[in-house]
Amino acid sequence: MTDISKETVLAALRRIAAPDGRGNIVSSGLVSEIAITDGKVMFALVADPQHMNSMESLRGVVEKVVAELPGVSRALVALTAEQPPARAPGPKVSSAQQLRNGIPGVKHLVAVASGKGGVGKSTTAINVALGLQSLGLKVAVLDADVYGPSMPKLFGLAGKPEASDAEGKRMKPMSRYGIEVASIGFLVDEDTPMIWRGPMVMSALTQLLREVSWGETDVMIVDMPPGTGDAQLTLAQQTPLSGAIIVSTPQDLALIDARKGLNMFRKVNVPVIGIVENMSYFVCTKCGERHEIFGHGGAREEAAMLGVPFLGEVPLDTEVRIRSDRGEPVVASMPNSLHAAIYRDIAARVWAAVEGGELSKPAPRITVES
Ligand code: ADP
């Protein structure tokens, strides 16, 4: 198969007129960065939130044009309303609505986020998902961590998802422990480094939301990419989230990052359900004593100061890491352990907030970027 280049894609896109009739969609600045992996072409079209419907038909046309180019195995075009964050509450409604249409049957989406990597965000996401399931809920996990999709490993899932229709246009979610899972790791080749911008993340995420045949789901946990950059902000802004959980370690530095995470969700008007303190303390297996390695308690105090609920503290435990690496999350593999109980507790608090209607949207705030 001939390799497709960005130039060829751009040349084809230049033949498509812009909706305002002035020039083409490329010259009008409507086309985002284009990413190409193994013949799969992904990019976004910037859409005015007021005109999402007409943009949706343009999106379809553009996707078809690109899909028909020689060397293209698949084209994925998403609409993105790239707006300054302060204007977020407006655009969020229409694009979120557009996505919501793509995930029938999913009642709530809850993001698990962190201000930086390595704090245990994914470990928290999978175990809280299992905790929610133990409450009798139908749970799904969407791995949106583009920088390091870890759900395939944490769930012990290998291989590619199967097609759910004859044309191979939709895929079945993978499933383990009774939880449906889709990961961005299923879409991109692990060995191909990609620079992810906000619109690209949305393209991939939209594909996971729209093209995966999700079953009836009470709550879908979205494992966010760590940090608070452009990609994270777009995701938080455009995914119809019921709320977000922020994971932090007790270290001060992590808390500063956690605060950034909190502000990010506040900016885009997504309620923060609460903060989880991970690697909170360590119980020595030999002496039985509790060691507060990172100066425990920071997150609880921080949460109180910020007026955000504190959801719980998860101790550091080698068993958590070992089992995670084996694809045996503790809530499923050690249901009687202290950790499992803690995660179930956190899950119950999360569900009470989501379903109990405790989540009130914060008033939109005007934020001055420094
Ligand atoms: P993130 O998603 O924030 O990058 P991960 O969930 O991948 O973080 O966790 C990073 C590493 O820390 C993993 O090896 C994981 O097994 C380990 N880990 C996470 N939480 C704990 C814990 N409470 N005790 C021990 N190890 C943990």
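**Reading features of a predicted model**

User: How do I judge burial, and is Asp38 buried or exposed?

Analyst: Asp38 is exposed, because its relative accessible area is 62%, and the exposed class starts over 50%. Keep in mind that this is a predicted model.

User: What does a sign of phi tell me about Asp38?

Analyst: The general idea is that most residues other than glycine have a negative phi. In this structure, Asp38 has a positive phi, near 45 degrees. The residue sits in the loop between β1 (35-37) and β2 (40-46).

User: What is the phi of Tyr177, and where does the residue lie?

Analyst: Tyr177 is not a glycine either, yet its phi is positive, about 55 degrees. Its place is the loop that joins β6 (174-176) and β7 (179-183). Tyr177 counts as partly exposed because its relative accessibility is 25%, while buried would require under 20%.

User: Now the ligand. Which residues come nearest to it?

Analyst: Start with the list of neighbours, then look for polar contacts. There are 15 residues around the ligand, and the nearest are Gly118, Gly120, Lys121, Ser122 and Thr123.

User: Which backbone atoms lie by oxygen atoms of the ligand?

Analyst: Take them one residue at a time. For Gly118, a backbone N or O atom lies 2.9 Å from a ligand oxygen. For Gly120, the distance from a backbone N or O atom to an oxygen of the ligand is 2.9 Å. For Ser122, a backbone N or O atom lies 2.8 Å from an oxygen atom of the ligand. As for area, the ligand taken alone exposes 560 Å², and the protein buries 80% of that. Two or more residues of the shell come from each of α4 (121-134), β10 (272-283), β12 (310-316) and α10 (318-325).

User: How do the residues of the shell divide by type?

Analyst: The shell around the ligand holds 6 nonpolar, 6 polar and 3 charged residues.

User: How many salt bridges are there, and how should I read one?

Analyst: The count comes to 14 salt bridges. For each pair, ask for the distance, the places of the two residues and their exposure. Lys121 pairs with Asp145, with the closest N and O atoms 3.2 Å apart. This pair links distant parts of the chain, 24 residues apart: Lys121 is in helix α4, and Asp145 is in the loop between β5 (139-143) and α5 (151-155). Lys121 is buried, with a relative accessible area of 6%. Asp145 also counts as buried, at 6% relative accessibility.

User: Are the partners in the Glu68 and Lys64 salt bridge buried or exposed?

Analyst: Both residues are exposed: Glu68 has 58% relative accessibility, and Lys64 has a relative accessible area of 52%. Their closest N and O atoms are 3.3 Å apart.

User: What does the salt bridge between Glu162 and Lys172 tie together?

Analyst: In this pair the closest N and O atoms are 3.2 Å apart. Glu162 and Lys172 both lie in the loop between α5 and β6, so the salt bridge ties together parts that are 10 residues apart in sequence. Glu162 is exposed, at 52%, whereas Lys172 is partly exposed, at 38%.

User: Which residues form a network of salt bridges?

Analyst: Glu319, Arg323, Arg326 and Glu328 are linked in such a network.

User: How do I read the surroundings of a single residue, say Cys284?

Analyst: Look at the element, then the exposure, then the partners that are not close in sequence. Cys284 lies in the loop between β10 and β11 (290-291). The residue is buried, because its relative accessible area is 16%, and the buried class covers values under 20%. Leaving aside residues up to four places away in sequence, Cys284 touches Glu289 and His291. Cys284 and Leu316 are 32 residues apart in sequence, and their C-alpha atoms are 9.9 Å apart in space.

User: What do the totals say about the chain as a whole?

Analyst: The chain has 12 helices and 12 strands. Of its 370 residues, 55% are buried. Among contacts between residues at least 6 apart in sequence, 75% join residues at least 24 apart. The chain exposes about 16,100 Å², and 52% of that area comes from carbon and sulfur atoms.

Definitions and conventions
Residues numbered from 1 in each chain as written. Predicted model: local features only at pLDDT ≥ 70, side-chain atom pairs only at ≥ 80, totals over all residues. Heavy atoms only, no water. Near = heavy atom within 4 Å. Polar contact = N/O pair within 3.5 Å; in protein donor to acceptor, adjacent residues only side chain to side chain. Areas by Shrake-Rupley, 256 points an atom, 1.4 Å probe, with all protein chains shown as cover. Helix = DSSP H or I, 4+ residues; strand = E, 2+ residues; numbered from the N terminus. Nonpolar A, V, L, I, M, F, W, Y, C, P; charged D, E, K, R; others polar. Buried < 20%, exposed > 50% of the residue type's maximum accessible area, 1.4 Å probe, protein only. Contact = heavy atoms within 4.5 Å. Salt bridge = Lys/Arg side-chain N within 4 Å of Asp/Glu carboxyl O.
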